[in-house]
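Colleague: I have a protein to look over before our discussion. Could you take me through its structure?

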Amino acid sequence: MSKTLRLDEEIIKRDVEKKSGVYQIICYKKGKPLPIHRLTGIAKIDKLGILSVGSSVNLRRRLKQFLEGTTEKGSGHSSGNRFYRYELKKLLGKIELRFVFKYVKDYEKEALRKLKEIRNK
């Protein structure tokens, strides 16, 4: 995966190409990943602060959609929309959204592998 980058339109435009790949959106607070409680049937805490895992044929466009979804404008990205709709920023205090990504040819297979890896932690 790439280094952790702030989820910002200029950073996405500068650092992410229009290629297929996988990504993770991560919640940070005071410079560290913010643990997130999961509702997966068993009480589990994601210590890595991963808010969303996804894949796309165009990473730049998809990350921009997520970012737009976190605002009043909204977008076609359901996780970004939920982040805004549930007012998570208010609930979690002063947080920062960051992301990591990786270019891959078979992005759907890689995204499923990454999801399984995260769920097993």
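Colleague: How much of the protein counts as buried?

Modeller: This is a predicted model. Of its 121 residues, 39% count as buried.

Colleague: And what about the surface it exposes?

Modeller: The exposed area of the protein is about 7,900 Å². Carbon and sulfur atoms supply 51% of that area.

Colleague: How many helices and strands are there?

Modeller: The protein has five helices and seven strands. Starting at the N terminus, the order of elements is β-α-β-β-β-β-β-α-α-α-β-α.

Colleague: Which strands pair with β7?

Modeller: Strand β1, residues 5-6, pairs with β7, residues 96-103, in the antiparallel sense over two bridges. Strand β2, residues 21-29, also runs antiparallel to β7, and eight bridges join these two strands.

Colleague: Which residue in β7 stands opposite L5?

Modeller: That residue is F99. In the pairing of β2 with β7, Y28 stands opposite E96.

Colleague: Turning to the interior, how many residues has the largest nonpolar core?

Modeller: The largest nonpolar core has 19 residues. Within this core, the residues with the most contacts are L7, I25, L63 and F99.

Colleague: Which elements each supply at least two residues of this core?

Modeller: They are helix α1 (9-15), strand β2, helix α2 (59-69) and strand β7. Helix α2 provides the largest share, with four residues.

Colleague: What is I25 in contact with, leaving aside its neighbours within four places in sequence?

Modeller: With those neighbours left aside, the contacts of I25 include L7, L63 and F99. Also among them are the residues G49, I50, L51 and S52, together with F66, L97 and R98.

Colleague: What share of the contacts in the protein with a separation of 6 or more is between residues 24 or more positions apart?

Modeller: Such residue pairs account for 72% of those contacts.

Colleague: A different topic now: where does S79 lie?

Modeller: S79 lies in helix α3, which spans residues 78-85.

Colleague: Is S79 buried or exposed, and why?

Modeller: S79 is classed as buried because its relative accessible area is 17%, and the cut-off for that class is under 20%.

Colleague: Which side chain does S79 meet in a polar contact?

Modeller: The side chain of S79 makes a polar contact of 3.4 Å with the side chain of S52. Apart from its neighbours within four places in sequence, S79 is in contact with S52 and F66. Both S52 and F66 also appear among the contacts of I25.

How values were computed:
Residues are numbered from 1 along each chain as its sequence is written. This is a predicted model: local features need pLDDT of at least 70, side-chain atom pairs count only at pLDDT 80 or more; totals for chains, interfaces and linings use all residues. Side-chain values use heavy atoms; hydrogens and water are left out. Two strands pair if DSSP finds at least two bridges between them. Buried means under 20% relative accessible area, exposed over 50%, partly exposed in between (1.4 Å probe, protein chains only). A polar contact is a pair of N or O atoms within 3.5 Å; within protein, one must be able to donate a hydrogen and the other to accept it, and residues adjacent in sequence count only if both atoms are side-chain atoms. Contact means heavy atoms within 4.5 Å. A nonpolar core is a set of buried Ala, Val, Leu, Ile, Met, Phe, Trp, Tyr and Cys residues joined through side-chain atoms within 4.5 Å. Accessible areas come from the Shrake-Rupley method with a 1.4 Å probe; for residues, only the protein chains shown count as cover.
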